[in-house]
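Please open the model in your viewer and keep the sequence panel beside it, since this tour moves from one selection to the next. At each stop, make the selection first and then read what is there.

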Amino acid sequence: MWLSGLKWMFLIIGTMIGAGYASGRELWQFFGSESTLAIVLFSILFFICCYVIMKISYEKQSKHYIPILRELMGVKLTGVYDGMIILYLFSTTVIMIAGGGATLEAIHIPYWYGVVIISSLLVLLFIWGINGMTSMNAMIIPILITFLVGTLVVFQFTTGFSIEMEASHQRNWPAAFTFTALNILPLVAVIAAIGHKIKHKGEMLIASLGSAVILGSISLLYNDSLLKVANEVMLYEIPLFAILKHYPYFMVLVMSGLLWAAIYTTAASGILGLCTRLSEYTKLPFWLLSFCLLLFMIPLTTIGFSKLISILYPLYGVLNLYILASILLHPIAHRFDNHSVG
């Protein structure tokens with residue numbers, strides 16, 4: 001039970017710690033000053049969301065996200081959200097592949113070589129299907145967390161720990177809801193793919209609580225570290241490098257490698273969500289399906305995605321708040337339904 005719970009925990013964290021999170025860009029955008037309460041709230045919301053989605057997936061023994069959407073949104077809205085999730089997973093995976101190519105340029109590997117490398121590794125991963133995905137996350141995510149937390153803790157020791165919570169200075173608390181909502185679609189897609197593999201209810205508690213505590217703790221530490229270099233963050237495309245400028249060049253190389261790994265795990269989560277959804281129509285093995293998807297995606301990495309993101313992300317933000325509310329209210333509504341039936 002513990003091993004399975006930890007395996008799902010790393011899968012959830014791998015879905016969350018993408019390039020946006022690992023680089024500090026997402027945290028800086030949503031949190032910043034007066035955000036300690038917001039991050040604590042996010043941890044609580046994240047725990048509830050993971051547990052509710054896992055519980056529904058377990059009860060439905062799901063292999064993809066449609067049964068979960070039907071349970072949460074009703075039959076009419078399921079079609080809308082199905083299209084949204086496919087578009088979201090597709091577009092974010094394209095962005096990750098482009099990011100994978102761009103990151104390797106830092107070590108003088110040409111962009112297209114980088115794109116081919118990350119795409120080839122994704123196809124290779126899915127020869128082992130979902131098991132390949134969970135094994136990869138169980139290997140990469142602990143290393144990524146260790147280096148990220150190690151870097152932040154050393155930085156905090158050199159500048160003096162100062163995470164504090166003044167009740168009167170927590171105006172940014174609503175950010176907890178928007179930040180959780182932003183990450184809800186890939187979470188639904190990935191957790192739904194493992195419903196039929198969950199054997200015990202204890203696994204759900206271990207995975208949900210573990211991922212919420214780890215992500216909440218890292219977020220507090222990371223956010224406080226970024227606040228200490230707030231004047232320099234704006235000078236960097238990747239906020240983490242504002243912290244790393246105090247480190248030897250070797251550490252910059254190591255963290256660049258780990259950022260690439262974060263991009264890879266997020267791209268893999270996107271491909272997994274798409275493969276599990278499309279496999280019932282095609283009956284193709286996951287590796288071949290991922291290969292076909294990547295053939296579609298690679299040419300799109302040349303399009304200017306900043307405009308696409310500026311249109312899509314705010315739209316997802318609003319629609320995701322609706323699905324977030326449905327998840328949070330589901331246990332209450334479910335209990336009410338059970339009592340009324342009784």
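A residue is called buried when its relative accessible area is under 20%, exposed when that area is over 50%, and partly exposed in between, with a 1.4 Å probe and protein chains only. What you have open is a predicted model, in which local features need pLDDT of at least 70 and side-chain atom pairs count only at pLDDT 80 or more, whereas totals for chains, interfaces and linings use all residues. Residues are numbered from 1 along each chain as its sequence is written, and side-chain values use heavy atoms, with hydrogens and water left out.

**The whole protein**

Begin with everything selected and shown as a cartoon: the protein has 15 helices and 0 strands, where helices (H or I, at least four residues) and strands (E, at least two) are DSSP runs numbered from the N terminus. Along the principal axes, the C-alpha atoms fill a box of roughly 60 × 50 × 40 Å. The radius of gyration, taken over C-alpha atoms and compared with a globule rule of 2.2 Å times the number of residues to the power 0.38, is 20 Å, which agrees with the value near 20 Å for a compact globule of 342 residues. Of the 342 residues, 52% are buried.

**Helix α14**

Next, select residues 286-300, which form helix α14. The expected span of a helix is 1.5 Å times one less than its number of residues, so the 15 residues of α14 should span 21 Å, and the end C-alpha atoms are indeed 21 Å apart. Now pick out the buried residues of this helix, which are Phe 286, Leu 289, Ser 290, Leu 293, Leu 294 and Met 297. An α-helix has 3.6 residues a turn, so residues three or four places apart point the same way. To see what covers the buried residues of α14, add to your selection α5 (66-104), α6 (111-125), α7 (129-159) and α13 (249-282), which are included in that cover.

**A buried pair**

Which residue forms a salt bridge with Arg 277? Select Asp 82, whose closest approach to Arg 277, between N and O atoms, is 2.9 Å; a salt bridge here is a side-chain nitrogen of Lys or Arg within 4 Å of a carboxyl oxygen of Asp or Glu. Arg 277 lies in helix α13 and Asp 82 in helix α5, so this pair ties together parts that are 195 residues apart in sequence. Both Arg 277 and Asp 82 are buried, the relative accessibility of Asp 82 being 12%. If you leave aside the neighbours of Asp 82 within four places in sequence, Asp 82 is in contact (heavy atoms within 4.5 Å) with Tyr 65, Ile 66, Leu 69 and Arg 277.

**Two further salt bridges**

A search of the whole structure finds 6 salt bridges, and another of them joins Lys 228 to Asp 224, with the closest N and O atoms 3.8 Å apart. These two residues are 4 residues apart in helix α10 (residues 201-228) and are therefore separated by about one helical turn. Is Asp 224 buried or exposed? Asp 224 counts as buried because its relative accessibility is 10%, while Lys 228, at 29%, is partly exposed.

Finally, select Glu 232 and Lys 245, which form a salt bridge with the closest N and O atoms 3.3 Å apart. This pair links distant parts of the chain, 13 residues apart, with Glu 232 in helix α11 (residues 230-233) and Lys 245 in the loop between α12 (240-244) and α13. Glu 232 is partly exposed at 23% relative accessibility, and Lys 245 is partly exposed at 47%.
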